[in-house]
Structure formats: structure tokens, C-alpha cells
2 protein chains.
Amino acid sequence: MRVKVEEKVLSKNDELASALRQRFVRHEVFCLNLISSPGSGKTALLERTLEALPKTAKVAALTGDVQTENDARRLAGAGFPVKQITTGGTCHLDASMVGRALEDWDLDGIDILFVENVGNLVCPTSYDLGEHAKIVVFSVAEGEDKPLKYPAIFAVSELCIINKVDLLPYVPFDIERAVANVHQVHPGMAVVQTSCTKSLGLDAWLAWLERRRAHAFPK
Amino acid sequence: MRVKVEEKVLSKNDELASALRQRFVRHEVFCLNLISSPGSGKTALLERTLEALPKTAKVAALTGDVQTENDARRLAGAGFPVKQITTGGTCHLDASMVGRALEDWDLDGIDILFVENVGNLVCPTSYDLGEHAKIVVFSVAEGEDKPLKYPAIFAVSELCIINKVDLLPYVPFDIERAVANVHQVHPGMAVVQTSCTKSLGLDAWLAWLERRRAHAFPK
């Protein structure tokens, strides 16, 4: 019974996500869905990313949370369009929430759309938002076993960002084993190591972003 | 439609949880449900706790994960009964999973039962496991805004453990503001600060445990 209803909810979501994907393709919006545990540093990563992009870049961000508009406030500092989606209890973003948030935005004015999901390594995995790629973020403070414990999100994401590497001297985290765990779940997966407080690895992340966007919309 | 079915699932869970609660009371099993994000240190906290208890203590642990039996292996080192519940995709433990895991355990042989939930700050909040109290754990690496962003679990838990305080010199985390955020969501909530790698604050946690158990089963 539970499974059947979940399948219905997901198939309705898949329809809406498919419509979103078609809109993104038509308007050449490159959309990324960032997924992680609470506190892995998604917002900080987006802050650094928005700061690094030229002011003329056509970039926008949607940021999801159960409560508060804190993240939208933080991201608005960079001067790009930002909107908070407050789910009010729901543990993930779905395609209808993203569709509603985009209603009053002109997609022709957006080249890159970042969607920061609710902090949750499990549920957002099942909800397609029409994005070009999912990105999974985890921090070295969380432990190198996370890919093995939450394999689904690592299996479906195109890029894994291992964040807060500035904390490596202070936590029991073996970075080589972490990368091996990522590759055990998703062979050949792209992995970038970053620190948003110490500005490490951001070039590699921005290079991935540019390459992946060119792949989605070749000139 | 979604909401109605969720209500049904929850009301079925509440029935099973109520039956579990009655069994816990009848057999004088003090049961705690530990909830946190992935990687906040629930397993490390339980490792230190089991090590600190006398070998004669009648303590047991159930540990939930989407995949892997890593946590049960870690906890088994202390020599107490431990069982892994692998949910295979489900983002929370429910009362039926706990009931099944307890089937072949003699509850009269257990005074304290720790249940380590799946790493997730949202979904486990809604699923009563018949426990005496929920405990929410978050680490200083996750940021002091977590109580405001995920208020439900902080509102329903009796104790908040702020873990990994050994990392305070290396992360942008204002501990006073974090405690104020906890109290904004849950006025007067008990807060204990711990580091499992540096063995800090464990006495305060063990004292809370003893007090709360005596409150549940006064001699």
C-alpha cells in the first residue's frame, strides 16, 4: 500500500520534472541539484561560487529548507537572483515546488540555475527536479563511510564534492579511503575536494561546472 | 491524498509504538531514540557510552542505517548485545522494524536500550518507536543554525547533545548562539556538549542518562 502510493507520488513528480527539463533545455538553463546532509556546506559552496562568477553572469539559485530563509539571505549577498523554498516540514524538494518558485522568473535570463536541496542524504535522491545533474556534497567531519551508508545518492550523482578539507588534520578521516568508498559505489565518479573557509579546490569545481555546462549546451 | 496516506501510515506506526512502549514499561527497559544528521557522531557517542558502563550493566543497542552493518560491528566491540537494522532505502526507523529486531531478545535482560536512528534530521522525527525520550545530536561542524532550520526534532527531543566540540577552534561555530538557537526552538531544553574523540562532556551525558532513567523507573 505504502509502496504503491509512493510510486504514484513519484510518477506524478517524474511528469512534472520532465516538463521542467524540457523548459530548461528550451531556454538553455543549465540546472544543478545539490544534495547533502545538513551542515555539509552547500550554502557556503554556493556563496563562494557566486562570488567567483563575473557580475555579468546569468546565474540564479533556489535554496530549500524545512524552515528559515537564512540561506537565501546569505546567497543574496552576491547580487544574483535567489529564492528560498521553505518546505514547512517536507524532507526534500520536489518538481512542483521548483516549478512554482520559477513561475515569476524569466528563464531566458538564466544560464545556470543552482538548486540547493533540503539537507538530507536520503529522500531528495528519489525526487527528480528536471536538473541536468545531481551533485552530492559531504564534509570530512562526517566520516569516510558515508558513501557506503547512503549509496543511492552517490550512485545517481555525477560529481562528489568532499568539503571542509581544511579540517582533515583534526578529524579521523582517511581521504584516500573516502575516495575509494565513493568509487566502490560509483566507479569513475568525478570527485573534487574543497574548503570553502580556506578557498581550496574551488578552481577544480568551477572547471567541472564550465565543462559540464558546455557538454549540456555545446556551442 | 499524500497527506491522508501518510496519516494512515503514521497512525499504524503509533499503534505499534504504543504496544512497544507498554512492553518497555512492563519489562522496565529504558529506551532512548538517538536522532541526528549523518556523521554527527551518534555511533562514536554510543561507543564511548558502552565503554564507560560496567560490564555487568544490562545494556543493548539497535542501530539503523540505509546500508552496511558497520555501526553494529563498531558497537559490538564493547561486548553488549547489538543488532543492526538495515532499512534498505527507508529514511527512518519505524516501530515495526524495532519490534522485529527485538523478537529474539529477552527484554527482562535489558535495562537500557539505545536505538540509533538512520542519519536524518527530518523524517525520524515523525516516527514514534515507543522510546522514553528522543535525543538530538548535532556536531559543531554542521553550523549553529541547525536548530532553527530543523526545529521539529529539537522541539520533541528531551536532550540536545552538541558533539565534536574539540573542533570549535577550527570551525565558524558560536557555541553560545547555538545554545540560544536550541532554546529559541525548545525553551529550557537540556544541552550537553561532548567530544567523543577527546572524551569531553561524557560525565554530564552519563549523569543525564542515570537521572532520566531513575525518573522513568523510580526505585
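Let's start with strand S6 of chain A, residues 159-163, and ask how covered it is. In this predicted model, S6(A) is mostly covered, with five of its five residues buried. What sits on each side? On one face you find Leu159(A), Ile161(A) and Asn163(A), and on the other Cys160(A) and Ile162(A), all of them buried.

Now let's look at the neighbours. On one side, five bridges tie S5(A) to S6(A), and the two strands run parallel. If you want a pair to find on your screen, try Ser139(A), which stands opposite Asn163(A) in S6(A). Then there is S7(A), also parallel to S6(A) and joined to it by four bridges. Here Ile161(A) stands opposite Val192(A), and Ile162(A) has Gln193(A) as its bridge partner.

So how do you get from S6(A) to S7(A)? Follow the chain through helix H7(A): S6(A), H7(A) and S7(A) together form a right-handed β-α-β unit. Helix H7, residues 175-185 of chain A, lies across S5, S6 and S7, and runs at about 155° to S7(A). A second helix, H8 of chain A, residues 202-216, packs on the sheet as well. H8(A) touches S1, S4, S5, S6 and S7 of chain A, and its direction makes about 135° with that of S1(A).

Let's zoom out to the whole sheet. It is an open sheet of seven strands in chain A, with parallel pairing, and the order is S3-S2-S4-S1-S5-S6-S7. Why do S3(A) and S7(A) each have one side without a neighbour in the sheet? They stand at the edges, at residues 82-86 and 190-193, and each has a single partner strand, so one side is left free of a neighbouring strand in the sheet. Neighbouring strands here are turned by 20° against each other on average, ignoring direction.

Last stop, the nonpolar cores. As background, nonpolar side chains in soluble globular proteins tend to be buried together. In our model, the largest nonpolar core has 88 residues. The residues with the most contacts inside that core are Leu62, Leu102 and Leu113, in chain A and in chain B. Take Leu102(A): setting aside residues up to four places away in sequence, Leu102(A) touches Leu20(A), Phe24(A), Leu62(A), Leu107(A) and Leu113(A). Apart from the largest core lies another one, of 29 residues, and its members include Ala44(B), Ile135(B), Val192(B) and Cys196(B).

That's my tour, so please go ahead and turn the model around for yourselves!

Technical notes
Residues are numbered from 1 along each chain as its sequence is written. Chains are lettered from A and ligands numbered from 1 in the order in which they are written. This is a predicted model: local features need pLDDT of at least 70, side-chain atom pairs count only at pLDDT 80 or more; totals for chains, interfaces and linings use all residues. Side-chain values use heavy atoms; hydrogens and water are left out. Two strands pair if DSSP finds at least two bridges between them. Axes are lines fitted to C-alpha atoms, for helices over the stretch in contact, and angles run from 0 to 180 degrees between N-to-C directions. Contact means heavy atoms within 4.5 Å. A nonpolar core is a set of buried Ala, Val, Leu, Ile, Met, Phe, Trp, Tyr and Cys residues joined through side-chain atoms within 4.5 Å. Buried means under 20% relative accessible area, exposed over 50%, partly exposed in between (1.4 Å probe, protein chains only). A crossover is right-handed if, with the strands pointing away from the viewer, the path from the first strand over the helix to the second runs clockwise.
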